[in-house]
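The following exercises concern strand pairing and helix packing. Please examine the structure before reading each solution.

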Amino acid sequence: MTKHIFITGGVVSSLGKGITAASVAMLLKSRGYRVAMQKLDPYLNVDPGTMSPYQHGEVYVTEDGAETDLDLGHYERFAGITCSKASNYTTGRIYSSVIHREREGGYLGGTVQVIPHITNEIKAAIASMHSDDVDIAITEIGGTAGDIESLPFLEAIRQFHHEFGENNSLFMHLTLVPFIKAAGELKTKPSQQSVGILRGIGIVPHILVCRCEIPMQEDHQQKLALFCNVRRENVIEELDVKNSIYEVPLDLARQGVDTCILRLLNLPERESDLTKWKTMLETVLHPKNGTVEIAVVGKYIALRDAYKSIYEALSHAGIANSVKVKFRPLEAEELDKGALDELFSGVNGILVPGGFGDRGVPGKITAVRYAREHGIPFFGICLGMQCAVIEFARNVCGMESANSTEFDPRSEYPVIDLMESQKTITAKGGTMRLGAYPCVLRPGTRAAEAYRAGEIRERHRHRYEFNTKYRNELEKAGLVISGTSPDGKLVEMVELKDHPWFVACQFHPEFKSTPLKAHPLFTGLIRAALAYRG
């Protein structure tokens, strides 16, 4: 039987439920348990695919092509879990299923209500994690206890726990114990009230995880245990980490959170093996090769979470090269104002990530040209590759008006064009080229050298692509096509031969990077940045 852990949040949002859930999964996996993970989001969008990165952060894409919450990135990076469409449900997706079934007469004329129909659909989503290959399923509930939109999800997990029984599921509540600077003390009252909200709807947390700026004293934990009806040993402190989020699992392990979980679920307390994680963390804390600085030229720089997986993948590559990676976020529109030597002074590499729309594109193209002409290691991803192709066509091939039809539908040289399969599509949500596709690498290229393979699979999220009409002309001018679809019709990777490191790809390699196994393209960029620094 698959057992369940439900993780809720209280007091305020952005406490780090995703990182906590991912850390718990990693600890349970280190004890030999097979773990699956899931995020239930209360918003009405069917998925975050049509949401602005400023609203929601990055859209994380799974192997099977689901556009999901960025917390799924934490799940995969920390725990090495492969997520899927079953790993992220929203209120919009739940209601869409119920309404579609009602329109088909699936409820036999009955009145459709939040209870039982919506809650039953949520429980079915949770039960979709059941498998002979899953010992423990962890479900994170988005939002904060007390939010109106979260109530159907909380009621559903209450029912699920009641039906599943004790020792088969448990509730973990992540809450805030704020430090009041003027009073010089921590306050437990907000956490007590948050637990009170849950108890008011029938949920009594088994484990309380307390986020705090400074260490709690024993009397704080005793008070929380007493007033929240939680055993003292199940009150866990989660201090702000000083150096890396990858310290969180070890802090939780030190307090025995995984032991608490296994006892509550009546599962054997197997030996834990955290050797690889500790070795990785040692490299994070004490890199041997100093620091390199990478400029990230993006459209959504103001919100760091918009490029969450990019920053993480760069850090992972730093671990692989035993170097600390420092980020220099640059708003693409700032590059239009000039002063490039000042903006890029001292950087050891330039990365241009993905995005949609024409805002900031001229700045991205400027960054590509600067990297190409100054011999600075460069990596372009998705729109970053498209900008690299446009820049090369304009400034090397003499196609001055070269562009993407996304930005100029009447371009004289549409070197980037809408994919054929997209030309009849009008709906926006979930209609792009999404998920993992194979890519064949050209022998002798930097791409093949980095991957050490002839064929790879990477995740995509785009509508526009390299226009093969211009392939021969661009190749004659020196652009190397280093990766294509197996049938050769889609260009997946380009690079420049006489350059320290100039590589760009149409897919999103950042989604497959982990701290224990950095992605080879990011590793190649940082290795080149080290050489450039030297």
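**Exercise 1.** Determine how strand E12 is joined to E13 and where this pair lies in its sheet.

*Solution.* Step 1: in this predicted model, strand E12 (residues 291-298) and E13 run parallel and are joined by eight bridges. Step 2: as one point on this pairing, Ala295 has Arg328 of E13 as its bridge partner. Step 3: the strands belong to an open sheet of nine strands with mixed pairing, in the order E13-E12-E14-E15-E23-E22-E21-E18-E19. Step 4: strand E13 (324-331) and strand E19 (455-462) are the edge strands, each pairing on one side only. Step 5: from one strand to the next, the twist averages 25°.

**Exercise 2.** Identify which strands helix H12 touches and which strands helix H18 lies across.

*Solution.* Step 1: helix H12 (residues 308-320) packs on the sheet and touches E12, E13, strand E14 (349-352) and strand E15 (378-381). Its direction makes about 150° with that of E13. Step 2: helix H18 (residues 520-533) lies across E12, E13, E14, E15, strand E22 (491-496) and strand E23 (502-505). H18 runs at about 120° to E12.

**Exercise 3.** Classify the relative orientation of helices H1 and H3, and describe their contact.

*Solution.* Step 1: the axes of H1 (residues 17-30) and H3 (residues 71-79) come within 8 Å and cross at roughly 25°. Step 2: angles under 35 degrees count as roughly parallel, and H1 and H3 are therefore roughly parallel to each other. Step 3: the crossing of H1 past H3 is right-handed. Step 4: H1 contributes Gly18, Ile19, Ala21, Ala22, Ser23, Ala25, Met26 and Lys29 to the contact, and H3 contributes Asp71, His74, Tyr75, Phe78 and Ala79. Step 5: the residues of this contact comprise eight nonpolar, three polar and two charged.

Terms used:
Residues numbered from 1 in each chain as written. Predicted model: local features only at pLDDT ≥ 70, side-chain atom pairs only at ≥ 80, totals over all residues. Heavy atoms only, no water. Axes fitted to C-alpha atoms, helices over the stretch in contact; angles between N-to-C directions. Helix = DSSP H or I, 4+ residues; strand = E, 2+ residues; numbered from the N terminus. Parallel < 35°, antiparallel > 145°, perpendicular 65-115°, else oblique. Left-handed = near helix turned anticlockwise from the far one by under 90°. Contact = heavy atoms within 4.5 Å. Nonpolar A, V, L, I, M, F, W, Y, C, P; charged D, E, K, R; others polar. Pairing = 2+ DSSP bridges.
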